[in-house]
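Q: Please take a close look at the aromatic rings in this model, and describe how any that pair up are arranged and how accessible they are. Add whatever is needed to place them in their surroundings.

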Amino acid sequence: MGAENVPANMEVNYYKWKSWIAALREGDDSVAAKLNRAADELKKNLDVQTEGKWGVEEGPVAFQARYTSYLTQEITALNAMAANVREFAKALDKAVKDLEAGDEDAQAT
């Protein structure tokens with residue numbers, strides 16, 4: 001079973017979806033991997049937001065608190081985006097497999 005079972009009117013979508021799956025989640029250059037790497041880089045930045053960097057004066061300490069909060073939120077958001085990308089790719093992969101299997105309902109799904 002494979003592409004030969006894909007309805008003719010779905011071939012363009014089928015091949016487009018397969019390329020999206022690869023771009024979204026496969027390899028070090030995928031969207032999901034890039035999002036996780038960005039989160040990792042921000043985590044490294046977060047780890048160096050210390051008293052040694054900012055001192056103990058009220059203004060810089062207040063900024064440090066806001067900045068570390070911002071970094072933490074961005075790390076969480078980037079990791080969530082990566083997870084969402086993987087879930088979307090998983091759903092696309094299921095649709096592709098259903099099309100390959102000749103599932104008549106897959107086209108509507």
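A: The pLDDT is the predictor's confidence in each residue, on a scale from 0 to 100. It matters here since the model is a predicted one, and the protein averages a pLDDT of 91, with 97% of the residues scoring at least 70. Among its elements, helix α2 (residues 31-47) has the highest mean pLDDT, 98, whereas helix α1 (residues 11-25) has the lowest, 88.

Turning to the rings, a pair of aromatic rings is described by the distance of the centres and the angle of the planes. A search of the whole structure finds four aromatic pairs. One of them joins Y14 and Y15 in an edge-to-face arrangement, with 4.8 Å from centre to centre and 80° between the planes. The two partners differ in their accessibility: Y14 has a relative accessibility of 3% and therefore counts as buried, while Y15, with a relative accessible area of 48%, is partly exposed.

The pair formed by Y67 and Y70 has another geometry, for its ring centres are 6.4 Å apart and its planes lie at 20°, so this pair is stacked; planes count as stacked when they are under 30 degrees apart. Y67 and Y70 are three residues apart in helix α4, which means that about one helical turn separates them. Y67 is partly exposed, with a relative accessible area of 24%, and Y70 is likewise partly exposed, at 43%. Both tyrosines belong to a cluster in which ring pairs link W54, F63, Y67 and Y70.

The helix that carries Y67 and Y70 can be checked by its length. Helix α4 comprises the 43 residues 58-100, and at 1.5 Å a residue it should span 63 Å; its end C-alpha atoms are indeed 63 Å apart, so the expected and computed spans agree. After α4 comes G102, which has a positive phi, near 80°.

One further site helps to complete the picture, namely S30, found in the loop between α1 and α2. With a relative accessibility of 1%, S30 counts as buried, because buried means under 20% relative accessible area. The side chain of S30 reaches the backbone oxygen of G27 at 3.0 Å. Leaving aside residues up to four places away in sequence, S30 touches A22, A23, L24 and R25.

Technical notes:
Residues are numbered from 1 along each chain as its sequence is written. Side-chain values use heavy atoms; hydrogens and water are left out. Helices (H or I, at least four residues) and strands (E, at least two) are DSSP runs, numbered from the N terminus. The expected span of a helix is 1.5 Å times one less than its number of residues. Rings of Phe, Tyr and Trp (its six-membered ring) pair if their centres lie within 6.5 Å; planes under 30 degrees apart count as stacked, over 60 as edge-to-face and the rest as tilted. Buried means under 20% relative accessible area, exposed over 50%, partly exposed in between (1.4 Å probe, protein chains only). A polar contact is a pair of N or O atoms within 3.5 Å; within protein, one must be able to donate a hydrogen and the other to accept it, and residues adjacent in sequence count only if both atoms are side-chain atoms. Contact means heavy atoms within 4.5 Å.
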